[in-house]
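Trainee: I am new to this structure and would like a close look at one part of it. Please take the salt bridges, and then say what else is worth seeing around them.

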Amino acid sequence: MNEYSSVNRFRYYSRLIYSIFVMVIIIALLFVVFSNPDAAFYSTKAKDYSDMWTYSSGSIVDFNNLSSDAHFSIHKRTDADIIKNNSLCFYSKNIYFTVYLGDEIIYDFHPKSPDFFGKAYGVYPHSVSLPVLGENENIYIEIDNIYDGTPGYMKYVSLDDASRFMVTRLQDSSYEFVFSLLVFVFGLVLVSIGFIGKYFGDKRFEIVSMGTFAMVTAIWIMSETQILPILTGSPVAVHFMDYISLDLLPLPGLIFIAFIIGSRKSVLIPIASILTLAKLIFSFISTSVGYKDYHQLLWLSHINLSIIAIMIIYFIIYGIKKKKIRKNLTIILIVALSLLIVSGVADIFRYALRPDTYTSISYFKHTLFLFILLCGVYEFISISEMSRRGQYAEIMEKMAYQDGLTGMLNRQAFNQEIEKIKSGNNRYTLIMMDMNYLKTVNDRFGHNNGDLYIKSMSEFITESFGRSGKCFRIGGDEFFIMMDISSGNADFAESMTGLQKRIALFNKEHEDMIPMSVAYGCSEYDPSKDDIEEKIKHADQKMYTMKSDMKSEMEI
């Protein structure tokens with residue numbers, strides 16, 4: 001037994017080591033790929049092109065403090081020798097604009113989206129191809145601030161190769177996008193396990209809420225990267241998804257914590273749900289009618305996030321105080337939640353003070369990844385443990401209702417099924433079967449051959465009647481069948497014929513032994529008028545009558 005356990009343990013750790021080895025190789029490959037971003041480009045650098053732009057009034061443009069007028073224009077005299085084959089590249093936020101070269105429109109950015117998407121599109125990169133110039137001309141940019149009195153901005157105005165500029169922008173957030181994609185798949189797996197997994201009971205809601213939290217987090221972080229807007233070509237739609245996912249983000253996290261401490265019926269969950277739904281509805285209506293859009297109502301999202309964060313803290317403190325959280329999970333939650341709160345507050349204050357710092361690292365996003373990783377590992381360990389226990393319980397239950405010799409349902413399963421059909425409305429044909437001469441087989445050829453007869457008969461009965469009935473071994477050589485068809489049905493006759501053919505084939509293959517035979521009796525049970533015990537007794541009497549007739553015809 002110890003040797004067998006050692007072998008299993010060795011196999012387990014071998015597979016674990018192989019899996020870790022493959023994972024390390026994949027991470028190393030990703031690191032190599034992402035650590036060589038410039039391998040496909042020449043070493044020439046982008047040229048700063050932000051100087052000497054002027055407003056129509058003649059004043060110099062400061063791109064760090066762009067005009068707050070609803071509509072204005074800026075222009076610059078081009079230099080054909082400097083431009084060469086480069087494109088005009090820059091980021092923009094909260095502005096729509098049209099680029100002219102002389103009197104010709106060469107680029108226009110006025111996204112056409114449904115009103116409920118709002119106007120904001122986040123930070124979006126632009127690469128404006130400039131025609132080959134024979135002489136110097138003026139570049140004009142007509143700009144519309146999306147929000148009255150609030151300036152948008154243009155950043156990193158430069159001359160660069162269009163492909164390199166866009167690829168560089170994709171590289172800036174590629175690791176966040178890849179990690180978000182992995183987290184989304186991770187959450188989807190958890191949700192799937194929660195819905196279709198066995199043995200979980202109410203634990204499935206905890207698993208599903210954790211998976212949902214991971215998926216919403218992944219969508220939110222993914223929508224804030226440069227990759228998704230560029231790939232889809234729909235920055236406004238992606239930013240709309242950004243706002244909605246931010247509003248939805250805290251709710252599944254709250255539900256997850258509530259299920260962990262066993263407070264799923266807490267009044268705080270419906271309160272948080274109502275607050276979130278009210279915020280979504282108000283933002284949707286307000287944006288659709290043109291009053292205030294999601295960007296202008298971001299402070300409400302922060303308030304909603306803060307309120308639910310306070311609820312989560314309350315749940316955790318309550319769970320620790322009442323000792324409803326496992327010790328190892330308590331440490332995970334305290335560490336991860338502390339980091340989330342500190343990083344979240346830091347990011348909110350940083351955004352309020354410097355909203356233009358869009359290239360800065362978001363600490364909150366990174367701690368969200370950490371929180372999901374830690375809680376996700378805990379959930380998978382829990383899932384593994386519950387599956388192991390569930391499989392053990394299933395095996396024990398199967399053993400309790402399964403005959404050890406034949407694998408058929410046993411007497412205990414038979415008694416349980418009788419109680420079940422008593423309370424039902426279905427009609428059944430009840431068949432009692434008993435093997436002939438089994439004692440003689442045991443006496444002459446030994447109990448091993450007697451067991452062969454019993455196991456063979458159980459296989460023949462199951463193969464013949466199993467498709468339309470339940471088969472039981474209720475004694476040494478006694479079998480019972482419950483069929484939901486009448487004895488006059490063609491399937492019944494076919495099953496009986498099939499059983500006799502199998503018995504005949506067995507006897508042909510074992511000519512030197514006592515012929516196998518079986519006596520049976522059947523009765524039909526109607527729950528609306530019959531007593532099932534009487535019907536079983538009636539089938540038993542018919543079986544003994546047949547058994548007596550068979551013995552008088554053939555003496556062994």
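Mentor: What follows goes through the salt bridges one at a time and then turns to a helix, a surface patch and a contact site. The model is predicted.

The structure holds 13 salt bridges. One of them joins the side chains of K365 and E224, with N and O 3.1 Å apart. K365 belongs to helix 12, which covers residues 363-401, while E224 sits in the loop between helix 5 (203-223) and helix 6; the pair therefore ties together parts that are 141 residues apart in sequence. The two partners can be set side by side in terms of burial. K365 has a relative accessibility of 8% and counts as buried. E224, at 36%, counts as partly exposed.

Another salt bridge links R473 with D403, and its closest N and O atoms are 3.2 Å apart. R473 is in strand 11 (residues 469-473) and D403 is in the loop between helix 12 and helix 13 (411-422), so this pair ties together parts that are 70 residues apart in sequence. Here R473 is buried, its relative accessible area being 12%. D403 also counts as buried, with 14% relative accessibility. The cut-off behind both statements is that buried means under 20% relative accessible area.

The side chains of R467 and E494 meet in a further salt bridge, at 4.0 Å from N to O. R467 lies in the loop between helix 15 (447-465) and strand 11, and E494 lies in helix 16 (residues 490-509), so parts 27 residues apart in sequence are tied together by this pair. R467 is exposed, with a relative accessible area of 75%. E494 is partly exposed, with 48%. Salt bridges also link E419, K422 and E533 in a network.

Next comes helix 3, which spans residues 162-172 and has R164, F165 and R169 as its buried residues. Looking down the axis of helix 3, these buried residues fall within an arc of 135 degrees, so they line one face of the helix. The cover over them includes strand 4 (87-93), strand 7 (124-129), strand 9 (153-160) and helix 6 (227-232). Helix 6 has already appeared above, as one end of the loop that holds E224. At the start of helix 3, a side-chain oxygen of D161 comes to within 3.1 Å of the backbone nitrogen of S163.

The surface offers another kind of feature. L277, I281, F282, F284, I285, V289 and Y291 make a nonpolar patch of about 730 Å². Of these residues, L277 is found in helix 9, which runs over residues 268-288.

The last stop is M550, placed in helix 17 (residues 532-553). M550 is partly exposed, and its relative accessible area is 22%. Apart from neighbours within four places in sequence, M550 is in contact with N436, Y437, S517, V518 and A519. Of that list, N436 can be followed further: N436 and M550 are 114 residues apart in sequence, and their C-alpha atoms are 8.6 Å apart in space.

To go back to the salt bridges, the K365 and E224 pair has a buried lysine and a partly exposed glutamate. In the R473 and D403 pair, R473 is buried and D403 is buried. In the R467 and E494 pair, R467 is exposed and E494 is partly exposed.

Technical notes: Residues are numbered from 1 along each chain as its sequence is written. This is a predicted model: local features need pLDDT of at least 70, side-chain atom pairs count only at pLDDT 80 or more; totals for chains, interfaces and linings use all residues. Side-chain values use heavy atoms; hydrogens and water are left out. Buried means under 20% relative accessible area, exposed over 50%, partly exposed in between (1.4 Å probe, protein chains only). Helices (H or I, at least four residues) and strands (E, at least two) are DSSP runs, numbered from the N terminus. The arc is that of the directions from the helix axis to the C-beta atoms. Contact means heavy atoms within 4.5 Å. A polar contact is a pair of N or O atoms within 3.5 Å; within protein, one must be able to donate a hydrogen and the other to accept it, and residues adjacent in sequence count only if both atoms are side-chain atoms. Patches are made of residues with over 30% relative accessible area and no salt bridge: like charges are joined within 9 Å, nonpolar side chains (Val, Leu, Ile, Met, Phe, Trp, Tyr) within 5 Å. Accessible areas come from the Shrake-Rupley method with a 1.4 Å probe; for residues, only the protein chains shown count as cover.
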